[in-house]
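User: Can you walk me through this structure with a few questions and answers? Please keep it brisk.

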Amino acid sequence: MASPSLLAFILPFLGWVLYVLYCLALNYKRARKIGLPVVILPIDCGNPLWMSIDTRILPFFKRLPFGFRNFTRFNYRGWEIKDRYRAHQALGDAFIFVTPGKIWLQVCNAETIADIFARKGDFTRPTEMLEMLNVFGPNLGTTEGQQWQRHRKITAACFNEHNNELVWSESILQAMGILRSWSSKPSTNSVADDTRTLSLHVMSSAGFGKSYEFRGAEEASTARDSSSYKESLKLILDNCIPLVLLGPNNLNKWWLPKSWKMLHQATVTFRNYMTSVYEEEKQAITHGKKGGNNLMTSLVRASQAVTESDAPATGKGGASLQQHQGGLTEQEIYGNIFVFNFAGHDTTANTLAFGIALIATRPDVQHWIAEEISAVFGDQNPETSSYVEKFPLLKRCLAVVYETVRLYTPVAIVKTTGPQPRPLKIGEDTYTLPSDTIIIPSYSALHTHPRHWGANSLEWEPSRWITSTPTSNTDTLASETFFEFPKAASPFVAWSGGARVCPGRKFSQVEFVGVLVGLFRQHRVRPVPLSGEDNAAARVRLRALIEEDTGMKLLLQLMHPEQVILACEKHL
Ligand code: HEM
Ligand SMILES: *[C@@H]1O[C@H](CO)[C@@H](O)[C@H](O)[C@H]1NC(C)=O
């Protein structure tokens, strides 16, 4: 007979298993009614506990001889990167994951996805999944409906061409720093670290008006110092998970490990930093000084402008008044500044790391963009060039950006039907999605489906974005145009679309193009061959490495970027 203590353990466990099966059965019944192909998964794709261990546990199940095919193929974060369009090719434009938690609809149909983006009131963002982004205050990324509209209106004013000018010059300046570091030594394996530093520096300059000089990974201080804005933001971004689980104010308990106390210190430093910039800006406004064009400045000014134009002269700015009048409160300004950093830093840094590693495998592409850069700049120093004049001419460089985020899309888009069932047209048929269905535009399938991208859809081929209209003119560069899909059926959604399109889209494009200009005007990069390898073999090996090493942490990234070893040399 089982001992009572064993029973005390087994009974609740059995109860839990039964409960999970019961939830799964209920969801299965709801999902079957929709009428789309169904794949059963034992664990909810958004379960945070599972998300932190999935890739460590699944290999064990793969070795078992029977039965866990769908589980090991689909039930981990980032499955879609390896799968590309295969699942949709087999199951159609839409299919459903049924889990004990939620029902997840996967859609790979350009018209349907455009429709989802357009119906922003029907298909909202599941804000409960984004709680952590509220740590410094409500913001553009975490609000819905009227609140979101208020945030969007004000923040839209910040992402303007004046700000892009700052992004442009700082990106080129930082890229020159990278170049000095890389070309001064035989090889570098710090591409990912260096693009991360670069992206942080561009953000601090265009976000706060604070410039830092680029230093290579090995020159930078290794001390984990939480006392500067830069280090504190890095600590915060590296430690999102404890931050969400505990909240910033609970990290200071005496019994918590020292590293968490440092994280707490980092949140304090970051908040203090934002407060001081905010106060400075308000001072400048009262003294009638002209502001800079960085995001913080514009946010404070746009918020004040809205409030003042609506408010009676006597009603000076309390928080609720400000909110009521359509401006942002101080907390909301901090929330937005944080979300810009959060949404804009690693996305751009990882994309740059992928882009540089990929371009190292393609000397022909380096030559192709160098041709354009040289035609656009001639002898002129890009560091002092005009963004407005030069950026629109760099179509081939922009093609490298698009092609990189097509195959290595850093963020997935998540929508939900919310509290109500919603109709959705997919192809010729209309389906009714039950309330609380999660909707995932299958970006990885859409971005690689041969029906949109042809037979070489899985290859990294920037020239696919350029269409050339042959003219009698011999100037091929001038006759080239950048290819754009029609908005109503675009198979390219890396920056999302519709009302909630990424507001940092142009910011990140300008940054990436600026970096390409800085790096490839006079230099070339190549993978360093192993002994016995020639350059061509090294390129093939690097391309395979990128393919295999790509995985999902918080975002898509190279899991072992230090294995990318490049030489950077002046082109003669
Ligand atoms: C390669 C770079 C980038 C990519 C691929 C990218 C992609 C995206 C995508 C797909 C979304 C929508 C997410 C969803 O609906 O669930 C988004 C939203 C957002 N992005 Fe970006 N992003 C990039 C860079 C940036 C930068 C540089 C910034 C800011 C400086 C930024 C700020 C934001 C913000 C604030 C949102 C939320 C917008 C809203 O909810 O209205 N992003 N981004
Ligand atoms: C497993 O996935 C395939 C599609 O790849 C699907 O046809 C099948 O029904 C799934 N099996 C279960 C039990 O969900």
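The turns below cover a sheet, a helix across it and two domains.

User: In what order do the five strands of the open sheet lie?
Analyst: This is a predicted model. The pairing in the open sheet is mixed. Strand 1 (38-40) and strand 4 (415-416) are the edge strands, and each pairs on one side only. The order is 1-2-3-7-4.

User: Which residue in strand 3 stands opposite phenylalanine 95?
Analyst: Strand 2 covers residues 94-98, and strand 3 covers residues 103-107. They run antiparallel, joined by five bridges. Opposite phenylalanine 95 stands glutamine 106.

User: At about what angle does helix 1 run to strand 2?
Analyst: Helix 1 spans residues 4-34. It lies across strand 1, strand 2 and strand 3. Its angle to strand 2 is about 165°.

User: What area is buried between domain 1 and domain 2?
Analyst: The domain assignment gives domain 1 as 31-138 + 425-449. The domain centres, taken over C-alpha atoms, are 27 Å apart. In contact are 31 residues of domain 1 and 49 residues of domain 2. Carbon and sulfur atoms give 64% of the buried area, which is about 3400 Å².

User: Which helix gives the largest share of the side of domain 1 that touches domain 2?
Analyst: Across this interface, 14 residue pairs are in polar contact. On the domain 1 side, helix 4 (79-83), helix 6 (110-118), strand 7 (437-441) and helix 19 (443-446) each supply at least two residues. The largest share is five residues, and it comes from helix 6.

Conventions:
Residues are numbered from 1 along each chain as its sequence is written. Chains are lettered from A and ligands numbered from 1 in the order in which they are written. This is a predicted model: local features need pLDDT of at least 70, side-chain atom pairs count only at pLDDT 80 or more; totals for chains, interfaces and linings use all residues. Side-chain values use heavy atoms; hydrogens and water are left out. Two strands pair if DSSP finds at least two bridges between them. Helices (H or I, at least four residues) and strands (E, at least two) are DSSP runs, numbered from the N terminus. Contact means heavy atoms within 4.5 Å. Axes are lines fitted to C-alpha atoms, for helices over the stretch in contact, and angles run from 0 to 180 degrees between N-to-C directions. Domain bounds come from an automatic or database domain assignment. Buried area is the accessible area (1.4 Å probe) that two parts lose on being put together, summed over both. A polar contact is a pair of N or O atoms within 3.5 Å; within protein, one must be able to donate a hydrogen and the other to accept it, and residues adjacent in sequence count only if both atoms are side-chain atoms.
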